[in-house]
Amino acid sequence: MINLFCILIFQSISYFNPVKVDTIEITKEKIDRDNYLHFIADSLHKVKSDPYQGMALNRLKKDIKDAVDYYDFPELDLYSTSYPGDCSWYCAGKVKVKKASSTLENQKDSNYDAENVIDGSLKTAWIEGKSYYGEGETLELLVSDTSIDEIIIYGGYLKSKDLWRLNSRPKELLLSINDKEIGILCFKDICGKQSFSFPKYLINSNETVLVQLKVLSVYKGDKYSDTAITEIDFDGPDHH
């Protein structure tokens, strides 16, 4: 039986203390510049590591321009080596989406595909397609080539603060790796990223593991029952 208290619980290491959950709210008034640049750096590594992600690279350029305009950042060079954390987990690690249990139908110019959670953009999201709030829906990712000890999730639809409030967002997600339950990720109801640490999960070079997230409960949206996740990142101890 999995403990449902709002902490990340590790069944295999009983003496491990509940981890601190880092939360960073993304607002115009309280933007954390270094952390946003970390996101930009990780996104850059994602899209540069895959030669077929030209569209994602163009979208990232637009996101950087929007950040410059909206948050009053200095102009940023997409290929600069001065980003904080320029050599990130994505220098070696790779992530692909395996499948989602459901997806909301496309609307006009917007799609809500599962691949949106790894596209390096805060303006796209996976939105589940279940008729009522999405409890029980799952998202599966394939993680390769280097170990992980942290998952970073942007819960909700972060394209705008209004869309974030209108749509539902995760309250509790069950994290499993290779079908082994690691613990429950419990979210604060904020429009931003939340990071969850866990004991190092060893992934060797040329090895792939299955990471599954299952929606256990949600914060209900003001208008829509659809539950969204905008972006998922990973980190680990082995990059330099």
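## Overall layout

Starting at the N terminus, the elements of the protein chain follow the order β-α-α-β-β-β-β-α-β-β-β-β-β. That makes three helices and ten strands. Do keep in mind that this is a predicted model.

Of the chain's 240 residues, 50% count as buried. The exposed surface comes to about 12200 Å², with carbon and sulfur atoms supplying 49% of it. For contacts between residues at least 6 apart in sequence, 79% join residues at least 24 apart.

## Strand E9 and its partners

Strand E9 covers residues 208-219, and it runs antiparallel to strand E4 (residues 138-144), with seven bridges joining the two. If you would like a residue pair to look at here, leucine 141 has valine 211 in E9 as its bridge partner.

E9 also pairs with strand E6 (residues 169-177), again in the antiparallel sense, over eight bridges. In this pairing, glutamate 172 is matched with serine 217 of E9.

## Enclosed space

The structure holds two cavities of 30 Å³ or more. The second largest of them contains about 40 Å³ of space.

Which residues line the second largest cavity? They are Gly155, Trp164, Arg169, Pro170, Phe187, Lys188, Asp189, Ile190, Gly192 and Gln194. By class, this lining divides into four nonpolar, three polar and three charged residues. Strands E6 and E8 (192-201) each supply at least two residues of the lining. E6 thus appears twice in this report: as a pairing partner of E9, and as a contributor to the lining of the second largest cavity.

Notes. Residues are numbered from 1 along each chain as its sequence is written. This is a predicted model: local features need pLDDT of at least 70, side-chain atom pairs count only at pLDDT 80 or more; totals for chains, interfaces and linings use all residues. Side-chain values use heavy atoms; hydrogens and water are left out. Two strands pair if DSSP finds at least two bridges between them. Helices (H or I, at least four residues) and strands (E, at least two) are DSSP runs, numbered from the N terminus. On a 1 Å grid over the protein atoms alone, a cavity is a set of points where a 1.4 Å probe fits but cannot get out, and a pocket is an open set with protein on both sides within 12 Å along at least five of seven lines; lining residues have an atom within 4 Å of a point. Grid points are joined across faces, edges and corners, and a volume is the space filled by probe spheres set on the points. Ala, Val, Leu, Ile, Met, Phe, Trp, Tyr, Cys and Pro count as nonpolar, Asp, Glu, Lys and Arg as charged, and the others, Gly among them, as polar. Buried means under 20% relative accessible area, exposed over 50%, partly exposed in between (1.4 Å probe, protein chains only). Contact means heavy atoms within 4.5 Å. Accessible areas come from the Shrake-Rupley method with a 1.4 Å probe; for residues, only the protein chains shown count as cover.
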